[in-house]
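Biologist: I should like to learn how to read an assembly of several chains. May we go through the features in turn?

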Protein chains: 4
Amino acid sequence: MVIEEARAAAFGAVRSLTEALAAPLSPEDQTVQSMPDTSPTKWHRAHTTWFFEEFVLGDFAPGYAAFDPAYSYLFNSYYEAVGPRYPRPGRGLVSRPGAAEIARYRDAVDAAMVELIDTPAGSKAAGLIELGLHHEQQHQELLLMDIKHVLSRNPLDPAYLDQAAPLPGTTCPVEWIPHDGGLVEIGHDGDGFAFDNEYPRHAEYLAPFALASRPVTCGEWAAFIADGGYERAELWLSDGRAAVVAEGWEAPLYWDRDGAGTWTVFTLGGRRPAADDEPVCHVSYYEADAFARWRGARLPTEAEWEHAVAGAGPFRRRFELDGLHPIAPRGPRLADSVGEVWEWTVSAYSPYPGFRPAAGAVGEYNGKFMINQQVLRGGACVTPPDHARPTYRNFFPPSARWPFTGVRLARDL
Amino acid sequence: MVIEEARAAAFGAVRSLTEALAAPLSPEDQTVQSMPDTSPTKWHRAHTTWFFEEFVLGDFAPGYAAFDPAYSYLFNSYYEAVGPRYPRPGRGLVSRPGAAEIARYRDAVDAAMVELIDTPAGSKAAGLIELGLHHEQQHQELLLMDIKHVLSRNPLDPAYLDQAAPLPGTTCPVEWIPHDGGLVEIGHDGDGFAFDNEYPRHAEYLAPFALASRPVTCGEWAAFIADGGYERAELWLSDGRAAVVAEGWEAPLYWDRDGAGTWTVFTLGGRRPAADDEPVCHVSYYEADAFARWRGARLPTEAEWEHAVAGAGPFRRRFELDGLHPIAPRGPRLADSVGEVWEWTVSAYSPYPGFRPAAGAVGEYNGKFMINQQVLRGGACVTPPDHARPTYRNFFPPSARWPFTGVRLARDL
Amino acid sequence: MVIEEARAAAFGAVRSLTEALAAPLSPEDQTVQSMPDTSPTKWHRAHTTWFFEEFVLGDFAPGYAAFDPAYSYLFNSYYEAVGPRYPRPGRGLVSRPGAAEIARYRDAVDAAMVELIDTPAGSKAAGLIELGLHHEQQHQELLLMDIKHVLSRNPLDPAYLDQAAPLPGTTCPVEWIPHDGGLVEIGHDGDGFAFDNEYPRHAEYLAPFALASRPVTCGEWAAFIADGGYERAELWLSDGRAAVVAEGWEAPLYWDRDGAGTWTVFTLGGRRPAADDEPVCHVSYYEADAFARWRGARLPTEAEWEHAVAGAGPFRRRFELDGLHPIAPRGPRLADSVGEVWEWTVSAYSPYPGFRPAAGAVGEYNGKFMINQQVLRGGACVTPPDHARPTYRNFFPPSARWPFTGVRLARDL
Amino acid sequence: MVIEEARAAAFGAVRSLTEALAAPLSPEDQTVQSMPDTSPTKWHRAHTTWFFEEFVLGDFAPGYAAFDPAYSYLFNSYYEAVGPRYPRPGRGLVSRPGAAEIARYRDAVDAAMVELIDTPAGSKAAGLIELGLHHEQQHQELLLMDIKHVLSRNPLDPAYLDQAAPLPGTTCPVEWIPHDGGLVEIGHDGDGFAFDNEYPRHAEYLAPFALASRPVTCGEWAAFIADGGYERAELWLSDGRAAVVAEGWEAPLYWDRDGAGTWTVFTLGGRRPAADDEPVCHVSYYEADAFARWRGARLPTEAEWEHAVAGAGPFRRRFELDGLHPIAPRGPRLADSVGEVWEWTVSAYSPYPGFRPAAGAVGEYNGKFMINQQVLRGGACVTPPDHARPTYRNFFPPSARWPFTGVRLARDL
């Protein structure tokens with residue numbers, strides 16, 4: 001049947017991309033966990049597989065026998081309703097199953113899934129399968145973020161992949177795109193897939209505001225540093241100042257000066273000079289906020305952001321295996337620069353009015369993280385194709401720097 | 001002049017209350033810092049004095065010579081613009097100046113202030129003096145919160161003061177007070193004093209909701225515990241669950257079971273059985289949120305709370321030196337129970353649209369804390385008289401339990 | 001009876017000295033615990049009292065009723081056999097009982113003790129009473145060490161007492177006093193009081209060695225610093241190097257440079273310039289060991305030290321309330337300089353061959369600490385009179401710097 | 001030439017054994033660092049190779065070019081004189097060079113070494129080469145200790161190798177072998193290789209003592225546990241008690257109860273029941289000391305141990321790749337049981353009288369660790385053949401449990 005074939009194709013496409021992303025990595029690379037926040041590549045490959053085994057095959061494929069009963073303990077991430085799980089900070093201590101065994105695990109689950117999809121039970125499970133694929137896409141981005149952090153801890157600065165050189169910079173001055181505000185609607189309208197945290201669509205009242213036409217660039221960030229940005233306490237939130245001192249931050253994560261004093265950035269293609277026109281990336285909320293104060297501007301709310309972007313017309317997102325680093329805007333329109341770096345908003349990650357978590361264990365997917373995090377919008381160069389949308393709510397703690405996070409400024413009008 | 005006399009009287013009233021609150025405490029009591037979040041009593045007495053010396057006398061009283069130049073370093077809390085300061089976690093290590101010397105410091109500054117108030121320069125400083133008095137009122141509440149924590153660490157359970165026994169409980173069933181929502185205004189309108197974080201008054205759009213007529217009681221909380229509330233992971237935010245496990249929480253702070261298994265509470269009057277009808281107090285945001293989920297309800301937003309309370313007519317707040325513990329509501333109306341415990345809201349502490357911090361060093365007062373905190377509303381039995389108002393935005397991290405924090409539930413309609 | 005009178009007098013003398021040492025300290029001073037290793041003054045005053053109550057009055061005074069039953073929990077230091085105890089790191093959190101209440105506690109126990117001493121039961125308890133007095137003398141020294149640390153944390157550098165200026169330095173060149181070694185005996189012979197860890201007297205074989213005639217001076221230490229002593233990894237034990245880096249050590253504890261770059265020392269009389277000829281004090285074992293390596297020498301073993309000092313003839317120790325800081329040697333003989341600073345030895349604190357701890361709970365006094373500590377010998381200017389002797393084994397972890405610790409060098413011959 | 005051939009053969013034998021020990025391990029296994037004390041297998045393989053490159057080829061092979069100049073930074077362990085080094089706790093974060101690349105590194109260095117050995121320069125370097133081989137043997141044992149710890153952190157309890165089942169237990173009652181003591185000599189006499197810390201041979205005086213004929217067994221340890229050994233504070237050193245509480249120790253490392261309550265041990269061959277007669281292994285000094293106190297015995301000094309064992313005649317040590325777990329004694333003589341587990345002594349690791357570290361950077365090999373460690377004697381089933389001898393001084397901190405550590409008791413006579 002046509003629908004099932006489409007489903008099987010979508011399933012295969014997502015599952016294959018995960019393996020393609022892991023392919024350049026050795027078994028050793030896939031084993032390392034560089035900090036409690038990151039996970040080994042082979043864990044991501046296994047966990048995304050476990051998601052289908054636990055939530056789809058276990059409930060919908062009659063007689064399905066787990067590939068290895070111990071995997072439910074090893075590869076559950078945080079689903080309390082499913083049972084106990086191996087502690088997150090220890091994921092890098094588990095050398096077995098190895099990368100090759102996990103490939104066998106993936107193959108076995110894929111085979112069972114493809115068989116299931118083409119059945120009435122598979123149709124019933126279609127919603128969960130779709131969720132599982134979006135879940136896997138999130139882990140594709142995490143895999144890239146995490147392995148970048150792993151490789152960065154190696155003093156040899158090894159590359160994940162040869163990468164295309166950055167495009168020659170197109171210098172775009174910031175333009176402030178004005179919006180009237182008023183009573184607007186944000187949130188997903190139910191047309192196509194969305195996570196539970198994007199619902200319900202609801203009204204918000206906005207004062208008039210302007211949004212920058214493009215993200216802050218590396219060149220601008222270097223000027224902030226040169227102006228003492230990291231030392232001037234008056235620019236920082238109190239917790240931000242404490243983080244600067246405790247962590248010794250002097251520049252974005254992955255920035256370093258070379259022998260001549262030039263700023264370099266570590267990318268998935270290795271270390272190279274920072275290009276003035278490319279968006280700054282790997283800054284915390286604290287840094288984004290301090291930079292905005294330095295510029296006499298502020299960060300947007302998520303409602304301002306969504307309202308502005310949803311009204312900006314369709315935009316094309318980029319995802320290139322040999323270009324996993326943010327690039328300078330293609331032009332002056334909002335749509336020319338959204339999607340290269342996640343953009344911090346001033347909005348704490350909270351439930352929308354009327355929010356209801358999904359039923360069952362997958363209800364733990366989003367809701368239980370609605371504290372101590374800030375919303376980010378837009379997507380990044382490492383976000384898989386078709387995964388981001390204007391209503392998408394990404395979230396990280398304000399101290400996080402290993403995601404591909406950048407800054408778009410806003411102003412009151 | 002009448003205005004100056006009124007100012008001097010207001011000044012004297014606030015300053016005297018601080019000393020009255022410290023009076024029951026020995027020099028030893030006043031020296032202890034029980035955790036980095038708390039400060040010694042004698043530090044509060046000195047810091048509030050320093051505030052007037054630094055921000056008022058130093059700028060407005062010509063020829064004023066600092067009581068002791070070292071105090072600017074010792075008693076600055078967090079004003080980066082003023083200069084370096086003694087590290088907060090070490091406040092309990094400084095035995096000198098002692099409690100008596102700090103009394104002399106207060107007397108000297110008070111004398112200079114009273115002299116200043118009655119001059120044209122004093123009139124110019126009137127706004128800062130008013131800020132200083134509201135600042136001191138905040139520290140009066142902190143003094144009580146902090147000394148309660150200090151005394152609670154003593155295995156002898158000593159009392160701050162003999163306290164009146166709790167009033168006989170009046171059992172008030174919860175009523176759900178409905179509100180239509182729509183486009184409403186919140187924030188201070190400039191009539192009377194308010195902190196900068198209460199401005200500007202602005203529009204928010206609210207969906208229909210209901211607010212509980214009274215806070216959650218100790219009896220209801222005991223039922224939550226008995227139903228496994230602290231063990232059931234599905235009720236908790238992820239960070240809340242982690243706090244429960246890491247801190248070993250099994251009940252609100254200051255609760256303990258006596259030999260017979262009855263819940264007791266440590267109060268400023270010592271330890272006694274928890275009364276079923278009194279509001280539960282000293283719970284974190286995490287606990288408040290888990291309780292709400294257990295009851296099929298939620299916490300209100302700060303806009304909902306302010307809209308509902310501002311419309312509920314005038315209410316009387318209580319502040320009795322021999323009754324510094326929350327008491328059961330006097331009746332079924334909202335105004336009969338607001339002001340006994342600070343009420344957690346689901347709103348993260350963020351700037352209002354158009355927020356501008358005050359000019360100068362006092363601009364650090366509020367703005368730089370706008371991250372990682374939740375807003376609380378209403379005031380508590382330890383909040384000084386005339387200090388709270390419906391637009392008041394108190395804030396603490398979601399893990400805080402030593403403030404007098406309680407829970408009022410809300411529901412969607 | 002004469003013996004009982006002498007006992008009562010000895011008891012009174014020791015007990016009074018404790019109160020005399022505490023007299024210059026305010027209630028606030030007596031409350032602070034500056035780190036887990038130190039204890040508040042009022043705790044020392046109470047704990048030494050509890051020792052008599054628990055080990056003497058409780059067992060030997062029929063019908064004695066505890067002053068306050070809770071004190072056994074509050075003031076037990078580490079005697080597991082006695083029962084549970086309040087955690088050591090929290091001693092500074094307990095403001096009550098206060099300094100005055102503890103004076104009453106001391107008076108009550110003293111009265112009961114004086115009554116007991118003059119009875120047959122008191123004679124039976126004579127050994128435990130003597131132990132209790134030596135125990136209290138140890139705490140007199142701890143009280144001084146600890147309050148020095150407390151006051152040093154205060155940025156105002158307050159003084160415990162006005163102190164006599166250091167004597168004009170007498171420059172004594174080091175002489176190397178030779179010893180043949182061979183089979184020698186060390187340990188206490190049972191004539192007069194000794195702790196259990198000084199027994200049994202036993203044979204040790206020593207190779208020929210020489211011992212320095214005086215301790216290392218501040219002037220020599222300043223030369224060590226100037227020669228890069230704290231930066232040169234090759235001079236340090238591996239754990240010592242790690243401590244230097246982790247703690248940021250650049251000089252002995254309590255040393256600081258003044259505006260002109262001169263080394264100053266914080267003393268119980270306040271801060272003043274370091275005198276070239278006075279013994280260096282407040283150095284860790286790691287620093288002592290590194291200094292010795294820098295000088296091409298080594299630290300002595302405790303057997304070498306005891307053999308040399310026991311053979312050096314009688315020496316006079318100094319203890320002056322207005323001179324609680326080590327002074328330069330009075331002359332070139334060993335006996336002219338022993339007793340100003342505790343002298344680190346290369347010997348780990350281990351049981352002597354045939355060691356047997358004392359019976360009962362007081363057997364916990366010494367034996368259970370025989371790991372992770374180095375032996376120090378000689379006594380310091382803060383060691384009470386009549387408390388030190390050539391066989392005395394003091395001990396601290398190699399990282400300790402707040403005791404009055406110094407360095408005497410040795411060499412192979 | 002014959003000598004060179006012998007040297008080349010010895011070199012090849014040691015180097016091959018390292019690779020044979022690593023052969024059962026996957027690249028993932030070889031990457032993991034399970035705690036700061038352990039190192040990844042591939043790091044051990046590289047570091048032992050670096051030792052020859054840095055200390056031999058660099059100085060003695062003219063024109064030798066480093067395989068990769070970055071390796072000096074990556075694979076230096078702790079030689080400060082050589083230059084900066086990658087921080088130890090991060091060894092598990094470095095995925096590249098991988099296991100295969102390190103094999104190439106080993107091959108290249110081996111080829112250069114074999115070429116060098118057969119030259120006059122190689123003869124000059126003979127002492128350093130011999131040191132390098134003994135160094136590599138130490139790392140062979142570390143490799144086995146460390147990978148056992150790594151595999152133990154995996155909830156699947158994976159095996160390093162199939163292992164022969166333990167030999168049927170031979171129940172040997174303890175006999176107390178008496179020794180007269182007196183003036184004895186210990187330390188190496190220079191006949192054959194020894195580390196610098198085994199010199200100089202020197203006199204020690206011993207009181208009469210007895211040494212147990214065999215180590216403590218698992219059966220005896222189970223009785224200790226059953227008698228409340230881990231809960232009875234009076235049996236423990238103070239630091240030991242603190243470790244028990246902080247770490248939650250209830251049994252030796254790698255012990256666990258199965259569903260039926262039987263004690264099991266995790267071995268390099270997987271998990272199996274503990275055999276009553278096999279020596280207990282993986283206990284800390286604290287546990288060894290507490291067990292001795294429970295039995296009314298004590299641990300031997302290193303001088304007692306060496307004197308007794310050196311006089312016991314030649315003994316055969318066992319090293320079997322499929323039997324890397326301690327086995328029950330072959331008979332009642334001392335020589336029938338020494339060498340299965342390292343035996344804790346009461347002696348702190350200190351320099352022998354007259355100790356001089358080796359010249360140059362290799363002088364850091366032993367001397368700088370002479371603090372905070374206890375001496376262990378005898379060797380274990382994972383100690384390579386020909387690596388242990390009666391004068392050998394192994395050392396670990398008293399809290400270490402991941403080495404193959406056991407207990408042999410002593411008594412005063």
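Modeller: Let us begin with how copies are compared: they are superposed by least squares on the C-alpha atoms of residues with pLDDT of at least 70 in both. That cut-off applies here because this is a predicted model.

Biologist: What is the general idea behind relating two copies of a chain?

Modeller: Two copies of a chain are related by a rotation about an axis and a shift along it. In this structure, a turn of 180 degrees and a shift of 0.0 Å along the axis lay chain C on chain B, with an RMSD of 0.0 Å. The two copies are therefore related as by a two-fold rotation axis.

Biologist: Which residue of chain C comes closest to the rotation axis?

Modeller: That residue is Glu28(C), whose C-alpha lies 2.6 Å from the axis. The same surface serves both copies, for 97% of the contact residues of chain C recur in chain B.

Biologist: How many residues does each chain bring to the contact between chain C and chain B?

Modeller: Chain C gives 32 residues and chain B gives 31 residues. The area buried between these two chains is about 2,300 Å², and carbon and sulfur atoms give 60% of that area. Glu28(C), Leu93(C) and Arg96(C) supply 33% of the area that chain C buries against chain B, more than any other three residues. Glu28(C) thus appears in two roles: as the residue of chain C that comes closest to the rotation axis, and as one of the three that supply this share of buried area.

Biologist: How many salt bridges are counted between chain C and chain B?

Modeller: The count is two. In one salt bridge, the side chains of Asp29(B) and Arg96(C) meet at 2.9 Å, N to O. Across the interface of chain C and chain B there are also 12 residue pairs in polar contact, both residues at pLDDT 80 or more.

Biologist: Which elements of chain C give two or more residues to the side that touches chain B?

Modeller: They are α3 (71–75), α4 (99–117) and α6 (126–152) of chain C. The residues of that side of chain C divide into 20 nonpolar, seven polar and five charged.

Biologist: Let us turn to chain B and chain A. What turn and shift lay chain B on chain A?

Modeller: Chain B can be laid on chain A by a turn of 180 degrees and a shift of 0.0 Å along the axis, with an RMSD of 0.0 Å. The same surface serves both copies, with 100% of the contact residues of chain B recurring in chain A.

Biologist: What is the extent of the contact between chain B and chain A?

Modeller: In this contact, 27 residues of chain B touch 27 residues of chain A. Together the two chains bury about 2,100 Å², with 61% of it on carbon and sulfur atoms. Within chain B, the residues that lose the most area to chain A are Tyr205(B), Ile371(B) and Asn372(B), which together make up 25% of what that side buries.

Biologist: Which side chains meet in a salt bridge between these two chains?

Modeller: Two salt bridges are counted between chain B and chain A. In one of them, the side chains of Arg356(A) and Asp412(B) meet at 3.3 Å, N to O. The interface also holds eight residue pairs in polar contact, both residues at pLDDT 80 or more.

Biologist: Which elements of chain B supply at least two residues each to the side that touches chain A?

Modeller: They are β3 (202–206), α8 (238–247), α9 (285–294) and β8 (342–348) of chain B. Of the elements, α8(B) gives the most, with three residues. By class, that side of chain B has 15 nonpolar, six polar and six charged residues.

Biologist: Where do chains not touch, and how far apart are they?

Modeller: Chain A and chain C do not touch, and their nearest C-alpha atoms are 14 Å apart. Likewise, no contact joins chain B and chain D, whose closest C-alpha atoms lie 14 Å apart.

Biologist: How do the strands of a sheet pair?

Modeller: Strands of a sheet pair through backbone hydrogen bonds, either parallel or antiparallel. In chain B, four strands form an open sheet in the order β10-β9-β8-β11, with mixed pairing. The strands β10 (394–396) and β11 (405–406) of chain B stand at the edges, each with a single partner strand, so one side of each is left without a neighbour in the sheet. As a parallel case, β8(B) and β11(B) pair over two bridges, and Thr405(B) in β11(B) is the bridge partner of Trp342(B).

How values were computed
Residues numbered from 1 in each chain as written. Chains lettered and ligands numbered in written order. Heavy atoms only, no water. Contact = heavy atoms within 4.5 Å. Buried area = accessible area lost by both parts, 1.4 Å probe. Salt bridge = Lys/Arg side-chain N within 4 Å of Asp/Glu carboxyl O. Polar contact = N/O pair within 3.5 Å; in protein donor to acceptor, adjacent residues only side chain to side chain. Nonpolar A, V, L, I, M, F, W, Y, C, P; charged D, E, K, R; others polar. Pairing = 2+ DSSP bridges.
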